Amino acid sequence: LPLLRRSPSTHCAVNRNAQFTPHVDSGRGHGQSVSMIAGLGNFTGGKIFVEDKAYDIRYNALEFDGWKQLHWTAPFKGERYSLVWFTPDLSQK
């Protein structure tokens, strides 16, 4: 997916060795649309699937709409971090 033009994010979630099952986002990011994720670390595997398409995020950024698009983490070996930038819609509280 190409990077989209969007406003800078206000939040960044740091995940360590997290392997997520298929889901759409919920919780603290309520009201956001596009998120950006990048993977860091010494690992193999661990691609992110978005709507059944795999993306290698190891030292690569990916933007997608986690609130609307089903996504999950493929199995991996090693030390894997992911950084997820997002901006919640705080007016929705």
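This passage describes the strand pairing, the nonpolar core, the charged side chains and the backbone angles of a predicted model.

Strand β2, which covers residues 35-40, has five of its six residues buried, and it is therefore largely enclosed by the rest of the structure. With β6 (61-64), strand β2 pairs in the antiparallel sense over four bridges, and with strand β9, formed by residues 81-86, β2 runs antiparallel and is joined by five bridges. Ala38 illustrates both pairings, since this residue stands opposite Ala61 in β6 and also opposite Leu83 in β9.

The largest nonpolar core comprises eight residues, namely Ile37, Ile48, Val50, Tyr55, Ile57, Leu62, Phe64 and Val84. To this core, β4 (48-50) and β6 each contribute at least two residues. Such a grouping may be read against a general tendency: in soluble globular proteins, nonpolar side chains tend to be buried together. Val84, one of the core residues, touches His11, Cys12 and Ala13 as well as Asn15, and in addition Ser35, Met36 and Ile37, when residues up to four places away in sequence are not counted.

The structure holds one salt bridge, which is formed between Arg16 and Glu79, with the closest N and O atoms 2.7 Å apart. The two partners come from distant parts of the chain and are 63 residues apart, Arg16 lying in strand β1 (residues 11-16) and Glu79 in the loop between β8 (76-78) and β9. Arg16 is classed as exposed because its relative accessible area is 53%, whereas Glu79, at 29% relative accessibility, counts as partly exposed.

Asp65, by contrast, is buried and has no salt bridge. The nearest side chain of opposite charge is that of Lys68, at a distance of 4.2 Å, and the pair therefore falls outside the requirement that the nitrogen and the carboxyl oxygen be within 4 Å. Asp65 is placed in the loop between β6 and β7 (71-73), where its side chain reaches the backbone nitrogen of Trp67 at 3.0 Å. When residues up to four places away in sequence are left aside, Asp65 touches Ser33 and Val34.

Trp67 also takes part in an approach between separate stretches of the chain, as the C-alpha atoms of Asp25 and Trp67 are separated by 4.8 Å although the two residues are 42 residues apart along the chain. Asp25 itself is found in the loop between β1 and β2, and its side chain makes a polar contact with the side chain of His23 at 3.4 Å.

Positive phi values are found at Asp52 and at Tyr59, neither of which is a glycine. For Asp52 the angle is about 75°, and the residue is placed in the loop between β4 and β5 (53-55); with a relative accessible area of 63%, Asp52 is exposed. For Tyr59 the phi angle is near 60°, and this residue is found in the loop between β5 and β6; Tyr59 is likewise exposed, its relative accessible area being 52%.

Conventions:
Residues are numbered from 1 along each chain as its sequence is written. This is a predicted model: local features need pLDDT of at least 70, side-chain atom pairs count only at pLDDT 80 or more; totals for chains, interfaces and linings use all residues. Side-chain values use heavy atoms; hydrogens and water are left out. Buried means under 20% relative accessible area, exposed over 50%, partly exposed in between (1.4 Å probe, protein chains only). Lys and Arg count as positive and Asp and Glu as negative; His and the chain ends are not counted. A polar contact is a pair of N or O atoms within 3.5 Å; within protein, one must be able to donate a hydrogen and the other to accept it, and residues adjacent in sequence count only if both atoms are side-chain atoms. Contact means heavy atoms within 4.5 Å. Two strands pair if DSSP finds at least two bridges between them. A nonpolar core is a set of buried Ala, Val, Leu, Ile, Met, Phe, Trp, Tyr and Cys residues joined through side-chain atoms within 4.5 Å.
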